[in-house]
Amino acid sequence: MLCGLLCAGFAGFAGFAGFAHAETWRYAAPGRVLAIGDVHGAYRTLVDTLQAAKLIDAEQRWQGGDAQLVSVGDLLDRGGDSRMVLDLLMRLQPEAAAAGGRVHVLLGNHELMNLVGELRDVSAGEFAAFAVDETAAERDAAFESWRAIPASAANAASREAFDKRFPPGWFARRRALAFDGHYGQWLLERPAAIVVDDTLFMHGGASTALAGYDLERLNRELRTQLLGYLTDLRLLERAGWIHFGVPGETRAAVVQARLDAADTTRADEAAAAATRVLAFDEAMLFGLQGPLWYRGLALCRPVLAQDVAETMVSQFGVARVAIGHTVAPALHPTLRLRGRAVLLDTGMLRSVYRGRGNATEFAADGLVAIADDSTRAALHVDSDSVQLGFPRGGEAQLEALLREAALGPNNTIRARERGSVRLQVAGASLDATWYPNVAGGARELAAWRLDRALGLGLVPTTVERTLDGIEGVLQWKPAGLVTADAAQRGAAGGDAWCDPGAQAELLHVWDALIGNAARTQDSLAWIARDWTLLASDHQQAFGASTELPANLRRRPLQIGPELCRRLGALDAGGVKSALADAASSREQRALLRRRDRLLRDTGCASAG
């Protein structure tokens with residue numbers, strides 16, 4: 001339905017070169033294969049990185065022979081030298097081809113943003129780089145057009161206000177990035193995904209929303225829908241429905257208001273274009289689950305994301321998916337999800353991300369990171385059960401802080417009640433929840449240990465601690481937590497990269513496993529920035545009944561392949577190590593019986 005609407009806007013634009021030939025988007029690899037993550041205008045670092053990888057020489061000419069270089073997008077925004085980055089890669093493409101190699105550039109979400117006029121991340125330097133292409137007459141004409149727009153009269157009264165909103169180079173840059181402009185047309189020819197040898201390269205990643213897609217369909221539909229949208233925007237601008245000063249971020253509201261007020265008997269063509277423009281905002285390929293924006297393979301808990309990754313590598317017939325978009329926490333090329341996901345974004349733009357340039361080489365004997373200073377190293381392996389924004393040093397460092405950091409002022413430690421505490425950490429603070437052992441602290445610690453043994457990441461980091469002579473545990477409270485009730489009222493905000501429904505299902509399986517019949521809304525919270533679910537208050541778990549909790553017995557629980565594997569591998573030794581003195585031998589045996597029931601009732605084939 002949507003493609004039909006958007007393709008109508010594309011009809012008749014037959015001169016677009018990007019559709020002139022068929023393409024499989026699969027490439028054999030007779031030579032080296034290297035990939036870089038998000039550049040964001042870091043031209044000098046990009047040059048250093050390509051030279052370190054021996055792909056260009058001192059004169060910045062291709063010297064890689066039959067090697068293939070893949071850029072996974074986000075060349076633009078934030079850094080000031082993005083135009084130089086574009087020029088370099090555009091020049092290297094024919095040079096590499098002449099030598100038997102290739103330079104592949106994929107479309108990133110920041111290329112998309114610039115093409116559709118979302119300019120919130122464009123730096124002053126990026127506009128200034130185009131000032132040379134902009135004449136005084138062009139700016140004068142734009143100013144007069146701006147002054148003639150009734151809605152902008154208050155802002156357009158002074159040239160100073162105009163120049164601040166549209167700095168020198170703004171109009172030349174817009175022209176160059178239009179769909180028929182020098183850079184815009186080239187960007188529209190970039191695919192969203194390719195396969196080189198046995199690796200699928202994308203900017204954001206492959207989610208299950210891409211079920212049924214192959215490379216040809218994905219790239220064709222994304223191009224067609226995007227060009228249709230841009231064509232309709234130009235039609236609406238020429239019809240006077242919108243003007244150049246309407247930001248892409250607020251365009252839909254302006255178009256909707258104009259459509260509501262339109263006399264469609266006199267503006268049928270514009271009204272139809274407006275309808276298609278509004279439909280574009282709902283297009284899956286350009287949404288949070290689409291290949292340009294998805295972050296699940298980089299951020300979501302592996303027990304769930306592993307199944308997504310396995311589905312995608314099978315669907316596209318590859319060994320792994322290599323992505324950018326999300327800066328790797330280690331600021332180094334990173335393997336995740338047992339090697340199914342490769343994180344290429346290492347924060348190349350130092351002024352913003354404090355990272356460095358890296359090229360990842362995909363060799364037959366393994367993957368190697370080549371830094372911008374020519375050092376070579378193995379890829380970092382991310383084994384965290386969940387990305388919770390741990391301090392540098394990971395969860396081990398967080399455990400140490402919870403055990404050792406001093407209590408801040410105004411903390412009240414109760415002998416028989418849980419409560420909130422604040423620790424002092426190097427001039428900052430760390431929030432935690434206090435559970436005295438007499439109020440179930442030992443079982444909260446056991447829940448965390450079992451959670452980590454299974455690699456679920458549901459229970460926040462928990463450690464033993466004695467405070468004011470009272471034995472208990474401290475459990476970390478990450479910043480930005482939102483209660484479950486508040487989340488249901490829409491207060492969480494953020495972007496739901498990690499499927500809330502799948503996380504809720506994981507929680508149900510967890511409660512069934514540990515025999516927790518006391519789950520309440522108050523024991524749940526979401527991390528607002530990305531909708532990561534966390535669970536606490538396990539004092540009534542780990543009972544001796546072999547039955548599932550009453551509230552879960554009639555619920556058709558779902559267990560994916562990865563969780564099935566992990567549950568099946570859980571044995572008596574692992575349960576004893578996790579639960580220790582917090583649960584009796586009878587309670588430990590009951591947990592394994594509940595596990596067996598879960599595996600049987602869900603049709604999960606035990607790996608144990």
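Mentor: Before we start, a helix here is a DSSP run of H or I at least four residues long, numbered from the N terminus. Keep in mind too that this is a predicted model.

Trainee: Thanks! In which helix does Gln93 lie, and is Gln93 buried or exposed?
Mentor: Beyond its neighbours within four places in sequence, Gln93 is in contact with Val103, Val105, Trp186 and Arg190. Its relative accessible area is 17%, and because the cut-off for burial is under 20%, Gln93 counts as buried. The helix that holds Gln93 is α3.

Trainee: How confident is the predictor overall, and over which residues does pLDDT stay under 50?
Mentor: The mean pLDDT of the protein is 91, and 93% of its residues reach 70 or more. There is a stretch of low confidence, for which the model still has 37 contacts beyond four places in sequence. That stretch is residues 1-21.

Trainee: How many of the ten residues of helix α2 are buried?
Mentor: Helix α2 covers residues 43-52. Its buried residues are Tyr43, Thr45, Leu46, Val47, Thr49, Leu50 and Ala52. Their cover includes the strands β2, β3, β10 and β11 as well as the helices α3 and α16. α2 is mostly covered, and the number of its buried residues is seven.

Trainee: Which residue with a positive phi follows α2?
Mentor: As background, most residues other than glycine have a negative phi. After α2 comes a residue with a phi near 60°, and that residue is Lys54.

Trainee: Asp74 has a positive phi too, so where is Asp74 placed?
Mentor: Phi of Asp74 is near 60°, and Asp74 is not a glycine. Asp74 has a relative accessible area of 1%, so it is buried. Its place is the loop between β3 and α3.

Trainee: And Ala580: is it buried, partly exposed or exposed?
Mentor: Ala580 sits in the loop between α22 and α23, with a positive phi of about 50°. Its relative accessible area is 31%, and because the class in between runs from 20% to 50%, Ala580 is partly exposed.

Trainee: What span should helix α23 have, at 1.5 Å a residue?
Mentor: α23 runs over residues 585-601, which makes 17 residues. The expected span takes 1.5 Å times one less than the number of residues. The end C-alpha atoms of α23 agree with the expected span, which is 24 Å.

Trainee: Which elements cover the buried residues of α23, and which glycine follows that helix?
Mentor: Among the buried residues of α23 are Glu587, Arg594 and Arg595, along with Leu591 and Leu598. Their cover includes α18, α20, α21 and α22. The glycine after α23 has a positive phi, near 70°, and is Gly603.

Trainee: Why is α20 described as largely enclosed?
Mentor: The buried residues of α20 include Trp510, Asp511 and His508, and α15, α18, β20, β21, α21 and α23 are among the elements covering them. α20 is largely enclosed because the buried share of its 15 residues is eleven.

Trainee: What relative accessibility does Asp511 have?
Mentor: Asp511 is placed in helix α20. Leaving out residues up to four places away in sequence, Asp511 touches Asn516, Arg519, Pro549 and Leu552. Asp511 counts as buried, because its relative accessibility is 3%.

Trainee: How far apart in space are Val318 and Pro150, C-alpha to C-alpha?
Mentor: Val318 is in the loop between α15 and β7, and at 11% relative accessibility it counts as buried. Its contacts beyond four places in sequence include Arg26, Val195, Leu200 and Arg340. Val318 and Pro150 are 168 residues apart in sequence, and their separation in space is 55 Å.

Trainee: Last one: how much space lies in the largest pocket, and which residues are closest to its centre?
Mentor: The largest pocket holds about 910 Å³ of space. Its lining divides into 18 nonpolar, six polar and eleven charged residues, with α4, α6, α9 and α11 each supplying at least two. Of the 35 lining residues, the closest to the centre are Trp170, Arg174, Arg175, Glu237 and Phe244.

Technical notes: Residues numbered from 1 in each chain as written. Predicted model: local features only at pLDDT ≥ 70, side-chain atom pairs only at ≥ 80, totals over all residues. Heavy atoms only, no water. pLDDT = per-residue confidence, 0-100. Contact = heavy atoms within 4.5 Å. Buried < 20%, exposed > 50% of the residue type's maximum accessible area, 1.4 Å probe, protein only. 1 Å grid on protein atoms, 1.4 Å probe; cavity = no way out; pocket = protein on both sides within 12 Å on 5 of 7 lines; lining within 4 Å. Points joined across faces, edges and corners; volume = space filled by probe spheres on them. Nonpolar A, V, L, I, M, F, W, Y, C, P; charged D, E, K, R; others polar.
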